[in-house]
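Here's a walk through one structure, starting from a term we'll lean on a lot and moving on to the parts worth a closer look. Keep the viewer open as you read.

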Amino acid sequence: MLTFHNPHHARHAGQQEMFRGQMVPCHEVPARLDHVLAELQRRPVGPLHTPDLDSPAAQAALDTALARVHSPRYLDFLASAWDEWVAMNPANAALDALPSVWPLPNRHGFRTDVLPRNFAARLGVFSFDSGTPLTAGSWPAARAGAACALAATQAVLGGERSAFALTRPPGHHAGPDFMGGYCFINNAALAAQALRDGGHTRVALLDVDYHHGNGTQTIFYERADVLTVSIHGDPATEYPFFLGHADERGAGAGTGFNLNLPLPRGTGYATWRAALDTALQAVADFGAQALVVPLGLDTFAGDPISGFTLQTGDYLAIGQALASAGLPTVFTFEGGYAVAEVGVNAVNVLQGFDRGA
Ligand code: OKP
Ligand code: ZN
């Protein structure tokens with residue numbers, strides 16, 4: 001298993017997120033990735049690389065790949081967001097940008113076709129929560145993370161059995177033109193699209209993060225060439241609340257190519273594992289030629305913001321089960337907020353995969 005890690009991840013370090021009426025310290029912190037990297041150095045599963053971030057050719061390839069998944073106006077927004085935030089008021093340089101007003105695009109007739117010149121309002125057009133601080137380094141960090149996802153995918157297209165994009169901020173909540181859930185760029189979607197563009201005609205995503213991968217689902221919802229499967233806390237009670245129900249099966253040409261396996265808060269390994277077997281059967285029935293696994297470790301019993309009860313040893317078996325699909329596989333690092341344990345749990349999945357491969 002090759003790993004590409006993001007050398008700029010720590011430039012994204014939010015100070016606080018809004019949670020039920022108060023500002024609380026961010027859960028999605030740089031130390032998360034540092035723990036995974038340290039565990040990979042202690043217990044290697046393969047070479048550790050950083051992606052090419054300097055060559056004009058790599059930058060151009062990155063821009064092309066980003067535009068395959070995200071809208072031009074969203075990418076433009078991200079690229080200039082920090083400068084515009086500071087231009088609103090020089091004192092903003094010491095603050096994170098967080099939205100506090102939204103157009104509710106599906107209701108009430110609010111318009112999103114005309115972008116407000118006011119940056120704070122524009123931030124609301126492109127966000128769906130107030131828990132995702134945008135900082136001075138968010139865009140360079142997210143961009144370098146996308147480069148990790150692409151490098152991991154290129155390695156797999158080049159014949160590697162598997163590769164891991166070890167990056168933060170995470171990506172699976174980011175949609176075609178929106179950020180939220182600590183995510184800006186959907187790294188797993190970039191990987192899946194790059195696998196398609198690299199010649200695999202059917203690509204599956206199997207999201208094992210505690211939270212439904214709403215961004216990924218939305219990106220591929222009307223497509224039959226990319227199967228999206230997600231095992232997650234039931235949105236009736238769990239974030240992101242407004243998507244992730246079992247009756248969402250895809251639309252148009254994509255009907256039948258989305259599978260949600262919501263599980264109640266409190267679910268333990270036996271039930272979770274049965275859902276994984278259902279998910280893997282769907283991947284096999286689809287005839288996938290390559291697999292992307294948005295790898296969240298927030299299913300862990302000790303996770304401070306989640307509600308499943310998986311144990312550290314379970315992650316070895318999960319890795320092994322994922323390998324049993326027998327597919328070229330790209331992993332992207334998503335959630336997991338029990339910071340001291342996230343490294344061991346993540347590397348267990350990777351090591352279990354290598355054992356099973
Ligand atoms: C991102 B990923 C719960 C607050 C929820 C958003 C959670 C985003 C999770 N106290 N805030 O899927 O791990
Ligand atoms: Zn999560």
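Buried means under 20% relative accessible area, exposed means over 50%, and partly exposed is in between, with a 1.4 Å probe and protein chains only. By that yardstick Asp298 is buried, with a relative accessible area of 0%. Some ground rules before going on: this is a predicted model, where local features need pLDDT of at least 70 and side-chain atom pairs count only at pLDDT 80 or more, while totals for chains, interfaces and linings use all residues. Residues are numbered from 1 along each chain as its sequence is written, chains are lettered from A and ligands numbered from 1 in the order in which they are written, and side-chain values use heavy atoms, with hydrogens and water left out.

So what does Asp298 do here? Look at the metal. The zinc ion (ligand 2) has as its protein donors Asp209 (OD), Asp209 (OD), His211 (ND1) and Asp298 (OD), which sit 1.9 to 2.8 Å from it. Donors here are N, O and S atoms within 2.8 Å of the metal (3.2 Å for Na, K and Ca), and since water is not among the atoms, sites may look incomplete. Along the sequence, the donor residues follow the spacing D-x1-H-x86-D. Asp209 and Asp298 tie together distant parts of the chain, 89 residues apart: Asp209 is in the loop between β6 (203–207) and α7 (214–220), and Asp298 in the loop between β9 (290–295) and α9 (314–323). Those labels come from DSSP runs, with helices being H or I of at least four residues and strands E of at least two, numbered from the N terminus. Asp209, at 1% relative accessibility, counts as buried too.

The geometry at the zinc ion (ligand 2) is irregular, with angles of 52 to 158° among its six donor atoms. For the label, four donors count as tetrahedral if all angles lie between 85 and 135 degrees; four count as square planar and six as octahedral if opposite donors are over 155 degrees apart and all others between 65 and 115; anything else is irregular. For reference, ideal angles at a metal are 90 or 180 degrees for six octahedral donors.

Now for the other ligand. Around ligand 1 you'll find, among others, Phe19, His172, His173, Tyr182, Tyr239 and Tyr337, along with the zinc donors Asp209, His211 and Asp298; a residue is near a molecule if one of its heavy atoms lies within 4 Å of it. An oxygen atom of ligand 1 is 2.6 Å from an N or O atom in the side chain of His172. For Asp209, a polar side-chain atom is 3.0 Å from an oxygen atom of ligand 1, and for His211 the corresponding distance from a side-chain N or O atom is 3.1 Å. The protein covers 88% of the 410 Å² of accessible area that ligand 1 has on its own; such areas come from the Shrake-Rupley method with a 1.4 Å probe, and for residues only the protein chains shown count as cover.

Some of the backbone deserves a look as well. Most residues other than glycine have a negative phi, and most peptide bonds are trans. Tyr182, in the loop between β5 and α6, has a positive phi of about 70° although it is not a glycine, and Tyr182 is buried at 11% relative accessible area. Phe241 also has a positive phi, about 65°, but Phe241 is partly exposed at 38% relative accessibility. Phe241 is in the loop between β7 and β8, as is Pro240, and the peptide bond from Tyr239 to Pro240 is cis, with omega near 10°. Another cis bond joins Arg168 and Pro169, with omega about 0°.

Where does the β5–α6 loop lead? Helix α6 (residues 187–197) is largely enclosed by the rest of the structure, because nine of its 11 residues are buried. At its start, a side-chain oxygen of Asn186 reaches to within 3.3 Å of the backbone nitrogen of Ala188, and after α6 comes Gly199, whose phi is positive, near 120°.

Technical notes: Polar contact = N/O pair within 3.5 Å; in protein donor to acceptor, adjacent residues only side chain to side chain.
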